[in-house]
Amino acid sequence: MTIKKANNIAIGFAVVSFYILDFALNGLQASLRNLLLDVAPADQLNAGNAWHGRMTNAGNIIGFGFGFLPLAKLPIIELLGGTQFRKFCVICIIILVPTVWITCYCHEEQKREEPYKKQNKLKDVLLGIQSAIVTLPRPVQRVCYVQLFAFMGWFPFLFYSTTYMGQVMAYELDREPDADYATRMGEFAMLLYSIVGVFTGFLLPHLASRDRRLLEHTDDVDEDAELTRLQQTVREWRVEAARQGKPLRLPIMPFLLRNIWTGALLLFTILTFSTFFITTVFQATIFISLVGICWAVAMWVPFAIIMEILKEGRDPQPNAALASRRPSHVRVVSTPPLYRRPLDERQPLLRSRSFDGLENGVHVGPAAPMAGGTVLGIHNLAIVLPQFIVALVTSAIFRIADGGSPEGHLLNDDNKYYGKTGVGWVLRFGGCCTLIAALIVRRVPPTPTEKAMRRRLGEMKLLREDSSP
């Protein structure tokens, strides 16, 4: 067997193994997100997804830290043999298997009732997916559209950022750099990227933290009870402010999740286009590190938006008397929601809260709410599909810019990095895609909780003006 044929067989195995691993990891990630949706209450989903993003970035720190270390020189690990990448894969397997087992062992899953007669399981799954896609709530659809374009920008960065570091190093040295050293410098930049992501994951959620004074209370059984509570609350605040000789200050509306998401996508676009001006390893390290800000938002905001919408759809509707006197909010159920026009334009703004604390809701039926796992699976599909699009587009870009793949030596080229510029153009292509995603995200409406908070704050402002001298 010739060396060329052996290399081609090895490449084939590597490609097939990559897609099998990608399939497994996507299933694992979707299951973890659905576990968070099932366990966390609606008012904690934003914080729960923020913590999920923090832990993900913390894991990235450990992973890229191992990638930066010279594993071939470490005791015991050096016995594994092979390259740095092989040793790193073995370490990942050793960590992944016990952590997944512990999660599965410690979580108790309740068995769902079977409302219908059992049919072919595969057929039921396919019909459920088809039904979910057709009846997907419009806000979730728009989030999926955003993710489709956003990850057309993310995958080029995640796949080729280390290679980009090698190309910048070759440009700075004006020669082909040492491949292992270039890889380790790329891993170091990704390590800094993960550290920035962790710090961002801790700081940014505070901009969207919900003031409890704007959240729903369990005593708000109807709009009159809520309005009475708001009047009493504003009156108490005014008395307290007058006693202290200060003006009345109302709660501040936090940043909307979609606004934070828009800012992160625009920042990613700006950073990728800054590659036109990057000529040194230090500048490339700064560029890769700052992308960690955008990644922290990508791991938090879209999932928080979808889960709040799904959790709102799972909550029971209030009783018929309450439903007949106010417009109901959008629910992810099989039957369309009830909409009624207000009798008077001076009535309080439309209600959109979920009445989480009520126990006298009408039973919608087990098949009415949309399955959260199915919706998250569709959302995950919107994240995965760009991989295939990016593979085709980047192949064309590398063919035009470098005459082949980013690993030029595979195409009878002695230089792996030197004289290559294709990765920079691939990153800029990703920046164009995230710019489109930033435009689409403006069509994503605020979450039900954000709408309710904004409405309550508006009512508080009206009450303050009505009672002012």
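**Entry 1: the largest cavity**

I started with the residues that line the largest cavity: Gln147, Ala150, Phe151, Trp154, Trp261, Ala264, Leu265, Phe268, Cys294, Val297 and Ala298. The elements that each give two or more residues to this lining are α5 (138-173), α8 and α9 (281-298). Helices here are DSSP runs of H or I with at least four residues, strands are runs of E with at least two, and numbering goes from the N terminus.

A note to self on the source: this is a predicted model, where local features need pLDDT of at least 70, side-chain atom pairs count only at pLDDT 80 or more, and totals for chains, interfaces and linings use all residues. Residues are numbered from 1 along each chain as its sequence is written, and side-chain values use heavy atoms, with hydrogens and water left out.

By cavity I mean a set of points, on a 1 Å grid over the protein atoms alone, where a 1.4 Å probe fits but cannot get out; lining residues have an atom within 4 Å of a point. I put the volume of the largest one at about 50 Å³, a volume being the space filled by probe spheres set on the points, with grid points joined across faces, edges and corners. Its lining has ten nonpolar residues, one polar and no charged. Ala, Val, Leu, Ile, Met, Phe, Trp, Tyr, Cys and Pro count as nonpolar, Asp, Glu, Lys and Arg as charged, and the others, Gly among them, as polar.

**Entry 2: the other cavity**

How many cavities of 30 Å³ or more are there in the whole structure? My search turned up two. The second largest has a volume of about 40 Å³, and its lining includes Ala50, Arg54, Thr200, Pro205 and Trp300. α2 (45-68), α6 (179-203) and α9 each give two or more residues to that lining, and α2 gives the most, with four. I sorted the lining into six nonpolar, four polar and one charged.

**Entry 3: helix α8**

I checked α8 (residues 257-273) for length. Its 17 residues should span 24 Å, the expected span being 1.5 Å times one less than the number of residues; the end C-alpha atoms are 25 Å apart, which agrees. Among its buried residues (under 20% relative accessible area, 1.4 Å probe, protein chains only; exposed is over 50%, partly exposed in between) are Trp261, Ala264, Leu265 and Phe268.

**Entry 4: cysteines**

I looked for disulfides (pairs of cysteine sulfur atoms within 2.5 Å) and counted zero. Cysteine 92 has its nearest cysteine sulfur, that of cysteine 89, 6.3 Å away, and is partly exposed at 35% relative accessibility. Why is cysteine 106 not bonded to cysteine 104? Their sulfurs are 9.5 Å apart, too far for a bond. Cysteine 106 is exposed, at 56% relative accessible area.

Definitions and conventions
1 Å grid on protein atoms, 1.4 Å probe; cavity = no way out; pocket = protein on both sides within 12 Å on 5 of 7 lines; lining within 4 Å.
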